[in-house]
Amino acid sequence: TLLYARDVFLKFNLINLLKNQYIIKEVQINGGSLNLYTDLYGNNNYRFWNQSDSTKTSNFHVELKQVKISDLHLYHTNLAKKINLIGEIRKMILQGDLSSEKYIMEFTSDGIIKKYSSNDLTYLSEKEVSVKSKMNVTGNIFRIMKGNLQIEGLGFDIDGNITNEKDLNLDLTVSGKDLNLDRIFENLTFL
């Protein structure tokens, strides 16, 4: 199961709905779990639409002004990349017109990374995390215009590109100011 949610709310415009125009403006997901899985060959359970379907004319349109997620357990297993992530999303707010080829996406999130490992090396365990970012999205390219990552109160600025084609490619710059080295080594166990 990709997503199990205790509550899901969708916001529609009633007039558009009566005209057979299905425009989703807001989604709220409260409680549950999100299970992202990629097998050894790169096949995943979260891309379930055909790219060619997006070019067809349809009455269905995703024009998300706001997505709110709260109290969601996150499980991400990628066997092809040997990545495992277990976490809890306390609160996430996502904004953007996901039906467009080009758009600005903003999101904020806070939660806990219970475990993040890659190639059997654990990088983070039981860490408070918050993210705030603004991205310029063009197709499968996400350009981080402004990003802030907090891990256990340690602040990092992030910018760069994320390309999500067959493989996920990260070209990111991560920087921080006035960071305490003892706290960095204490909280980022892979260093």
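In which pattern do the helices and strands follow one another along the sequence of this chain?

## Overall make-up

Read along the sequence, the pattern is β-α-β-β-β-β-β-β-β-β-α. The model is a predicted one. Its secondary structure amounts to nine strands and two helices.

The chain has 191 residues, and 29% of them count as buried. About 12600 Å² of the chain is exposed, with 52% of that area supplied by carbon and sulfur atoms. Among contacts in the chain with a separation of 6 or more, 50% join residues that are 24 or more positions apart.

## Strands β6, β7 and β8

Strand β6 covers residues 121-138 and strand β7 covers residues 141-151; the two pair in the antiparallel sense over 10 bridges. In this pairing M135 stands opposite I144 in β7. The hairpin of β6 and β7 has two residues between the strands, and G139 takes a positive phi near 60 degrees there.

Strand β7 also pairs with β8 in the antiparallel sense, over nine bridges. Here Q150 stands opposite G155 in β8. The hairpin of β7 and β8 again has two residues between the strands, with E152 at a positive phi near 50 degrees.

Strand β8 spans residues 154-164, and N164 belongs to it. Is N164 buried, partly exposed or exposed? Its relative accessibility is 24%, so N164 counts as partly exposed. N164 and F142 are 22 residues apart along the chain, and their C-alpha atoms are separated by 8.1 Å.

## The nonpolar core

Which residues touch the most other members of the largest nonpolar core? They are M105 and M135, in a core of 30 residues. Strands β2 (22-38), β3 (60-78), β4 (83-95), β5 (102-118), β6, β7 and β8 each supply at least two residues of this core. The largest share, five residues, comes from β3. In soluble globular proteins, nonpolar side chains tend to be buried together.

M135 can be followed further through its contacts. Leaving aside neighbours within four places in sequence, M135 is in contact with Y103, I104, M105 and F107, and also with F142, R143, I144 and M145. This list includes M105, the other residue that touches the most core members. It also includes I144, the residue of β7 that M135 stands opposite.

## N78 and the loop after β3

N78 lies in strand β3. Its relative accessibility is 11%, which is under the 20% limit for a buried residue, so N78 counts as buried. Not counting residues up to four places away in sequence, N78 touches T38 and I83.

Which backbone atom does the side chain of N78 reach at 3.1 Å? It is the backbone nitrogen of A80. A polar atom of the N78 side chain also lies 2.8 Å from the backbone nitrogen of K81.

A80 is in the loop between β3 and β4. With a relative accessible area of 39%, A80 is partly exposed, whereas N78 is buried. Leaving aside neighbours within four places in sequence, A80 is in contact with T38, D39, L40 and G42. T38 is thus a contact of A80 and is touched by N78 as well. A80 and L40 are 40 residues apart in sequence, but their C-alpha atoms are 4.1 Å apart in space.

How values were computed. Residues numbered from 1 in each chain as written. Predicted model: local features only at pLDDT ≥ 70, side-chain atom pairs only at ≥ 80, totals over all residues. Heavy atoms only, no water. Helix = DSSP H or I, 4+ residues; strand = E, 2+ residues; numbered from the N terminus. Buried < 20%, exposed > 50% of the residue type's maximum accessible area, 1.4 Å probe, protein only. Pairing = 2+ DSSP bridges. Core = buried A, V, L, I, M, F, W, Y, C linked by side-chain atoms within 4.5 Å. Contact = heavy atoms within 4.5 Å. Polar contact = N/O pair within 3.5 Å; in protein donor to acceptor, adjacent residues only side chain to side chain. Areas by Shrake-Rupley, 256 points an atom, 1.4 Å probe, with all protein chains shown as cover.
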